[in-house]
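Dear colleague,

I am handing over the structure we spoke about, and below it I have set out what was found in it. Please read the notes with the model open beside them.

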Amino acid sequence: MSELPEGWVATTLGDLGRWSSGGTPSRRKPEYYGGDIPWVRTGDLRDNEIHDVEGRISPEGLANSSAKEFPSGTLLVAMYGATIGRTDMLRIPATTNQACAALLPDPVTEDMMPFLWWFFRHKVENFRAVGQGGAQPNISQTVIKASAIDLPPLPEQRRIVAKLDRLSARPAAVRDHLTHTTKLATRAKEAALRAAFEGRLTAKWRGAHPDTETAADLVARTPEPEQGRRGRKATTEIIEGIGGISVNIPATA
């Protein structure tokens, strides 16, 4: 193992704060749901901040289950299924189901929380790899708490977080720009298609090439339609179709 930078320490996530998890009220009790208490599930975790969620439980559901209400500033980590290792930071007091591990803020851990949040985003694939193998991929609080972390001093943590935040903002700005550019390109393409099939796209070219064979001349040079099995021409009448599209229909015998 390489030597740690000066001032850093090798430790575990379990040594850096108090961990907990939530619970799911009984589904056989409809009165446990639909209250005013936010209830976070792993599907809500998107490596972002949680200001609101759709899930709600009632005070009865909270009191009669292992669900717990966690304070704003709690870091949530998904332990089950396809979202293993995904994180979110609570910005409201909320409960969670049992598939979410929760690192609670206290005076010390709260200062380290931004650095720890980046650590989880850096190690998400490692947690997913550990969770593979069963019919229902999962990790546990034990796995999370035993995970090793090389911890820098708090001032260095802040500098690292500030740098990572700036670097993270750049791809987001690029994605926004690309989305805007893609929309502009799509609108330009649609406008060009309309102009192309209305003759406007090549109007200047037509003016510069007056001796070009006309479309009527081109059609006149095309072979006659083949006769059908009962002596009918394949296409002899044109009607106006939906959206201004002309449709060829067979003539009657």
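A residue is called buried here when its relative accessible area is under 20%, and Trp19, with a relative accessible area of 9%, is therefore buried. Please keep in mind throughout that this is a predicted model.

To begin with the chain as a whole, it contains six helices and 13 strands, and buried residues account for 31% of its 253 residues. Of the contacts between residues at least 6 apart in sequence, 64% join residues that are at least 24 apart. The chain exposes about 16600 Å², of which carbon and sulfur atoms supply 55%.

Next, the nonpolar cores. In soluble globular proteins, nonpolar side chains tend to be buried together. In this model the largest nonpolar core has 24 residues, and those with the most contacts inside it are Leu13, Trp19, Leu116, Phe120, Ile144 and Ile149. The elements that contribute two or more residues to this core are β7 (75-78), β10 (100-104), α2 (109-131) and β11 (148-151), and the largest share, nine residues, comes from α2. Leu116 illustrates how these parts meet, since, leaving aside residues up to four places away in sequence, Leu116 touches Leu13, Leu16, Leu75, Leu103 and Ile149. A second, separate core has 13 residues, among them Val53, Leu76, Ala78 and Ala102.

Two strands that contribute to the largest core can be read residue by residue. In β7 both faces are covered, with Leu75 and Val77 on one side and Leu76 and Ala78 on the other, all of them buried. β7 pairs in the antiparallel sense with strand β8 (residues 87-90) over three bridges, where Val77 stands opposite Thr87, and four bridges also join β7 to β10, again running antiparallel, with Leu103 in β10 as the bridge partner of Leu75. In β11, by contrast, the side chains alternate: Ile149 and Leu151 point to one face and are buried, whereas Ala148 and Asp150 point to the other face and are not buried. Four bridges join β11 to strand β1 (residues 9-12), the two running antiparallel, and the bridge partner of Val9 in β11 is Leu151.

The aromatic residues deserve a separate paragraph. A search of the whole structure finds four aromatic pairs. For Trp19 and Phe120 the ring centres are 6.1 Å apart and the planes stand at 65 degrees, so this pair is edge-to-face. Because Trp19 lies in strand β2 (residues 18-21) and Phe120 in helix α2, the pair ties together parts that are 101 residues apart in sequence. Phe120 also counts as buried, at 0% relative accessibility. Phe120 and Phe127 make another pair, with ring centres 5.5 Å apart and planes at 20 degrees, so this pair is stacked; Phe127 is itself buried, with a relative accessible area of 5%. Trp19, Phe119, Phe120 and Phe127 together form one aromatic cluster.

There is also an open sheet of four strands, with the order β5-β3-β9-β6 and mixed pairing. Its edge strands are β5 and β6 (69-70), each of which pairs on one side only. β6 pairs with strand β9 (residues 94-96) in the antiparallel sense over two bridges, and Thr95 in β9 is the bridge partner of Glu69.

Finally, a polar residue beside the edge strand β5: Ser58 is found in the loop between β5 (56-57) and α1 (59-63). Is Ser58 buried or exposed? At 5% relative accessibility, Ser58 counts as buried. The side chain of Ser58 makes a polar contact, at 3.2 Å, with the side chain of Glu60, and, residues up to four places away in sequence not being counted, Ser58 touches Glu31, Tyr32, Tyr33, Gly35 and Ile37.

With best regards

Methods: Residues numbered from 1 in each chain as written. Predicted model: local features only at pLDDT ≥ 70, side-chain atom pairs only at ≥ 80, totals over all residues. Heavy atoms only, no water. Buried < 20%, exposed > 50% of the residue type's maximum accessible area, 1.4 Å probe, protein only. Polar contact = N/O pair within 3.5 Å; in protein donor to acceptor, adjacent residues only side chain to side chain. Contact = heavy atoms within 4.5 Å. Core = buried A, V, L, I, M, F, W, Y, C linked by side-chain atoms within 4.5 Å. Areas by Shrake-Rupley, 256 points an atom, 1.4 Å probe, with all protein chains shown as cover. Pairing = 2+ DSSP bridges. Phe/Tyr/Trp six-rings, centres within 6.5 Å; stacked < 30°, edge-to-face > 60°.
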